[in-house]
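Here is a short briefing to read with the model open beside you. It starts with the overall fold and then visits a handful of individual residues.

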Amino acid sequence: MELVAKNQCFGGTQAVYKHMSEVCGGEMTFGVFLPPQAKKRSVPVLWYLSGLTCTHENAMTKAGLQKYAARHGLALVFPDTSPRGSNVADDQAYDLGQGAGFYVNATMEPWRQHYQMYDYVVTELPSVLQGSLPVNGKHGITGHSMGGHGALTIAFRNPQKYQSVSAFAPIVNPTRSNWGRKQLSAYLGADESTWAKHDACLLLAETGWDGEILIDQGADDQFLDLLRPEAMAELLAKRRQPSVMRMQPGYDHSYFFVATFAEDHVRWHAEKLGAV
């Protein structure tokens with residue numbers, strides 16, 4: 001880990017690091033907020049996965065999570081949304097390639113050499129942090145839009161690693177949405193059976209989640225048809241899954257929406273992770 005920047009923030013520190021990623025085959029950048037409690041002991045981690053076109057920086061500077069994480073004694077980790085660099089495959093469209101990794105391990109050319117974001121978030125980056133920063137083994141995960149898709153699918157597939165999960169306006173049913181079918185076919189190929197493990201609705205229907213789920217969705221979100229919240233709402237009711245899914249009137253897809261409900265989500269995770 002190489003320190004890029006560090007600022008005092010709500011009694012703790014907001015830092016940015018870069019490191020060489022073996023799984024992504026290049027340099028990756030991420031943000032970490034350590035609350036003041038981390039000066040005396042190791043603390044739980046809340047992972048925040050960002051959406052399409054974002055870097056590690058968007059939520060770090062716009063979501064307002066640090067104030068509440070400092071109050072509850074949670075570390076925040078803000079990974080990037082894809083590998084980057086002149087040697088990394090890209091696409092002219094905003095929703096494929098750099099900034100649009102979709103938190104999958106790509107198996108198709110030209111993506112598979114670098115686009116291993118699932119392994120990066122689930123395995124490699126946690127190992128880097130565990131050996132370098134005062135964080136303990138308790139992890140929660142959340143995210144927005146494409147990052148909400150990543151948070152839900154990663155948690156559902158790894159219940160032994162994550163004790164809490166929430167999402168802001170997540171893409172919940174990508175195998176049935178143009179925000180999903182395009183990317184999954186590009187990264188994973190035409191065999192749709194390989195897509196199922198990256199679809200929150202299909203995963204929840206198959207495996208469930210041993211705990212509660214929190215999802216906030218803006219009722220005036222301009223991307224509602226792509227996000228398909230109705231598919232998740234129907235499934236939660238059908239499975240009688242312990243959950244809180246809120247349609248927030250008047251809110252859109254922006255970071256103003258995320259910042260408005262950030263406190264609720266941090267508190268949700270803090271309670272489940274046994275934080276202050």
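Helices and strands here are DSSP runs numbered from the N terminus, with at least four residues for a helix and at least two for a strand. With that in hand, Pro134 can be placed in the loop between H3 and strand S6 (135-143). Please keep in mind that this is a predicted model.

**Overall build**

- The protein has nine helices and nine strands.
- Its radius of gyration is 17 Å, close to the 19 Å that the globule rule gives for 276 residues, so the protein is as compact as a globular protein of that length.
- Taken along the principal axes, the C-alpha atoms fill a box of roughly 50 × 45 × 35 Å.
- Among contacts with a separation of 6 or more, 72% join residues 24 or more positions apart.

**Core and surface**

- Of the 276 residues, 58% count as buried.
- The largest nonpolar core holds 92 residues, and Leu152 and Tyr187 have the most contacts inside it.
- In soluble globular proteins, nonpolar side chains tend to be buried together.
- Beyond its neighbours within four places in sequence, Tyr187 is in contact with a list of residues that includes Leu96, Gly97, Phe102, Met108, Trp111 and Tyr115.
- About 11,200 Å² of the protein is exposed, and carbon and sulfur atoms supply 49% of that area.
- There are 24 positive and 27 negative charges, and the mean positions of the two sets are 7 Å apart.

**Backbone features to look at**

- Most residues other than glycine have a negative phi, and most peptide bonds are trans.
- The peptide bond from Glu109 to Pro110 is cis, with omega near 0°.
- You can find Pro110 in the loop between strand S5 (75-79) and helix H3 (117-130).
- Phe10 is not a glycine, yet it has a positive phi of about 50°.
- Phe10 sits in the loop between strand S1 (2-9) and strand S2 (12-21).
- Arg240 also has a positive phi, near 55°, in a residue other than glycine.
- Look for Arg240 in the loop between helix H8 (229-239) and strand S9 (243-248).
- With a relative accessible area of 75%, Arg240 is exposed, because the cut-off for exposed is over 50%.

**Two buried residues**

- Asn58 belongs to helix H1 (residues 57-62).
- Its relative accessible area is 19%, so Asn58 counts as buried under the 20% cut-off.
- Leaving aside neighbours within four places in sequence, Asn58 is in contact with Ala63 and Tyr255.
- From Asn58 to Ile141 is 83 residues in sequence and 17 Å in space, C-alpha to C-alpha.
- Thr175 lies in the loop between strand S7 (164-168) and helix H5 (178-188).
- Thr175 has a relative accessible area of 4% and is therefore buried.
- Not counting residues up to four places away in sequence, Thr175 touches Arg181, Leu184, Trp195, Asp199 and Leu202.
- Thr175 and His19 are 156 residues apart along the chain, and their C-alpha atoms are separated by 33 Å.

**Two partly exposed residues**

- Pro134, the loop residue placed at the start, has a relative accessible area of 30% and is partly exposed.
- Leaving aside neighbours within four places in sequence, Pro134 is in contact with Leu34, Ala38, Arg41, Ser42 and Val43.
- Although Pro134 and Lys40 are 94 residues apart along the chain, their C-alpha atoms are separated by 8.9 Å.
- Ser243 is part of strand S9.
- At 27% relative accessible area, Ser243 is partly exposed.
- Ser243 is in contact with Ile213 and Leu236, leaving aside its neighbours within four places in sequence.
- The C-alpha atoms of Ser243 and Leu202 are separated by 17 Å, with their positions 41 residues apart along the chain.

Conventions
Residues numbered from 1 in each chain as written. Predicted model: local features only at pLDDT ≥ 70, side-chain atom pairs only at ≥ 80, totals over all residues. Heavy atoms only, no water. Core = buried A, V, L, I, M, F, W, Y, C linked by side-chain atoms within 4.5 Å. Buried < 20%, exposed > 50% of the residue type's maximum accessible area, 1.4 Å probe, protein only. Contact = heavy atoms within 4.5 Å. Rg over C-alpha atoms; globule rule 2.2 N^0.38 Å. Areas by Shrake-Rupley, 256 points an atom, 1.4 Å probe, with all protein chains shown as cover. Lys, Arg positive; Asp, Glu negative; His and termini not counted. Charge placed at Lys NZ, Arg CZ, Asp CG, Glu CD.
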